[in-house]
Amino acid sequence: MPASSSSAVPALVFLVQSADQPGLVARISSFFHERGFNIVHLEQHADPVSSRLFLRIALDQRGLRSSRAELTEAFGALADALDLTWSAHFADHTQRVALLVTKASHCLYDLLVRWKEGELPCDIPLIIGNHPDLEPVANAFRVPFHCLPVTKATKPQQEAEIDALLRKNHIDLVVLARYMQILTADFTDRWTGRIINIHHAFLPAFQGARPYHRAYERGVKLIGATAHYVIAALDEGPIIEQDVVRVTHEDAPQSLIRIGRDVERVVLARAVQAHLEHRIVVDGHRTVVFGRGS
């Protein structure tokens with residue numbers, strides 16, 4: 001299914017970070033102006049604690065008058081001179097997303113509907129499950145489903161099969177849509193910055209099994225969810241998106257589960273969309289997530 005865009009302008013996006021320094025934004029803007037680009041959106045954040053500057057620059061890609069290699073080589077030379085960390089993302093590259101699932105269907109349904117409605121600018125060429133339960137959902141959306149069961153003993157082999165499928169399908173982003181398996185460090189290291197997970201808590205809280213029952217037992221007043229990039233340390237990756245909903249003593253565990261699922265859907269979708277729109281800059285264990293723009 002063709003991806004849709006949130007903007008009519010085909011945006012070439014540069015993400016930049018560096019130590020803050022006077023005149024940096026002007027020098028970068030001049031670089032693009034000299035090459036005939038129209039800057040359609042520019043966002044910046046100067047962090048007062050780390051003294052680092054973060055930029056998201058969206059250009060009208062129709063202004064590209066050279067080859068992509070020539071443009072990135074020229075910007076790379078500027079980046080070397082200014083000690084910048086950067087990446088470039090061209091509008092006509094549609095990212096390919098793989099969804100990993102277990103048995104819970106709410107996040108899977110939500111992402112697939114948003115994708116079919118054109119809200120998520122990506123292709124979804126496959127869904128991988130460690131149980132067969134959600135194959136009918138994949139079939140309903142005409143997405144190939146691969147069932148790869150796993151046990152503690154077979155985890156290395158199963159992850160190798162997952163990795164092979166991801167590479168065969170040229171996957172750019174892996175989304176754990178309530179995939180209830182802990183990924184090994186070898187796997188997460190190979191896919192650093194390209195795996196997003198949804199966690200059933202406003203981290204850190206109620207880790208492990210039956211989180212909503214434990215929340216009920218503790219009489220919580222907020223139900224939350226956290227979407228983050230996956231690293232080897234469980235649930236400690238850079239946080240992309242979080243949200244909470246107020247609950248009361250009248251909410252039984254099943255009510256908390258329903259409310260929690262709603263929050264999980266929204267938070268995961270926001271995180272995936274931010275990644276697809278190149279609005280996230282990772283700075284160590286933190287992220288800078290720019291607002292929705294071009």
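The questions and answers below concern a predicted model.

Q: In what order do the 7 strands of the open sheet lie?
A: The pairing in this sheet is mixed. Its edge strands are β7 (145-147) and β11 (239-246), each of which pairs on one side only. Neighbouring strands are turned by 20° against each other on average, direction ignored. The order is β7-β6-β5-β8-β9-β10-β11.

Q: What angle does the direction of helix α8 make with that of β10?
A: Helix α3 (residues 106-116) packs on the sheet, touching β5 (95-101), β6 (122-129), β8 (173-176) and β9, and its direction makes about 160° with that of β6. Helix α8 (residues 253-276) also packs on the sheet, with β5, β6, β8, β9, β10 and β11 as the strands it touches. For α8 against β10, the angle is about 30°.

Q: Is strand β5 largely enclosed or not, and how many of its 7 residues are buried?
A: β5 runs parallel to β6, and 6 bridges join the two. Ala98 stands opposite Leu126 in β6. β5 is largely enclosed by the rest of the structure, because the number of its 7 residues that are buried is 6.

Q: Which residue of β10 stands opposite His199?
A: Strand β9 (residues 195-199) and strand β10 (residues 222-229) run antiparallel. They are joined by 4 bridges. The residue opposite His199 is Thr226.

Q: Which element supplies the largest share of the largest nonpolar core?
A: This core has 36 residues, and those with the most contacts inside it are Leu99, Leu111, Leu112, Ile127, Ile196, Leu268 and Val272. At least two residues each come from β5, α3, β6, α4 (135-140), β8, β9, β10 and α8. The largest share is 8 residues, and its source is α8.

Q: Which residues is Val272 in contact with, leaving aside its neighbours within four places in sequence?
A: Val272 is one of the residues with the most contacts inside the largest nonpolar core. Leaving aside neighbours within four places in sequence, its contacts are Leu111, Leu120, Leu173, Val175 and Ile196.

Q: How many residues does the other core have, the one that includes Val16 and Phe31?
A: This core lies apart from the one of 36 residues. Among its members are Val16, Phe31, Leu55 and Leu82. Its residue count is 19.

Q: What is the centre-to-centre distance of the aromatic pair Phe32 and Phe75?
A: Phe32 lies in helix α1 (residues 24-34) and Phe75 in helix α2 (residues 68-82), 43 residues apart. Phe32 is buried, with a relative accessible area of 0%, and Phe75 also counts as buried at 0%. The pair is stacked, with 15° between the planes and a centre-to-centre distance of 5.6 Å.

Q: What is the angle between the planes of Phe187 and Trp191?
A: Phe187 is buried at 1% relative accessible area, and Trp191 counts as buried at 1%. Their rings form a stacked pair, 6.5 Å centre to centre. The angle between the planes is 25°.

Q: Which ring does the charged end of Arg68 sit over?
A: Ring pairs link Phe14, Phe31, Phe32, Phe37, Phe75 and Trp86 into a cluster. The charged end of Arg68 is 4.5 Å from the centre of the ring it sits over. That ring belongs to Phe90.

Q: Is Asn169 buried or exposed?
A: Asn169 is found in the loop between α5 (155-168) and β8. Leaving aside neighbours within four places in sequence, Asn169 is in contact with Arg96, Pro125 and Leu126. The relative accessible area of Asn169 is 18%, and the cut-off is under 20%, so Asn169 is buried.

Q: Is Arg62 buried or exposed?
A: Arg62 is found in the loop between β3 (52-60) and α2. Its C-alpha atom is separated by 8.0 Å from that of Phe37, 25 residues apart along the chain. With a relative accessibility of 61% against a cut-off of over 50%, Arg62 counts as exposed.

Q: Which residue in the turn of the hairpin of β12 and β13 has a positive phi?
A: Strand β12 (residues 280-283) and strand β13 (residues 286-289) run antiparallel and are joined by 4 bridges. Val281 stands opposite Val288 in β13. There are 2 residues between the strands, and the one with a positive phi, about 65°, is Gly284.

Key. Residues numbered from 1 in each chain as written. Predicted model: local features only at pLDDT ≥ 70, side-chain atom pairs only at ≥ 80, totals over all residues. Heavy atoms only, no water. Pairing = 2+ DSSP bridges. Axes fitted to C-alpha atoms, helices over the stretch in contact; angles between N-to-C directions. Contact = heavy atoms within 4.5 Å. Core = buried A, V, L, I, M, F, W, Y, C linked by side-chain atoms within 4.5 Å. Buried < 20%, exposed > 50% of the residue type's maximum accessible area, 1.4 Å probe, protein only. Phe/Tyr/Trp six-rings, centres within 6.5 Å; stacked < 30°, edge-to-face > 60°. Lys NZ or Arg CZ within 6 Å of the ring centre and 35° of its normal.
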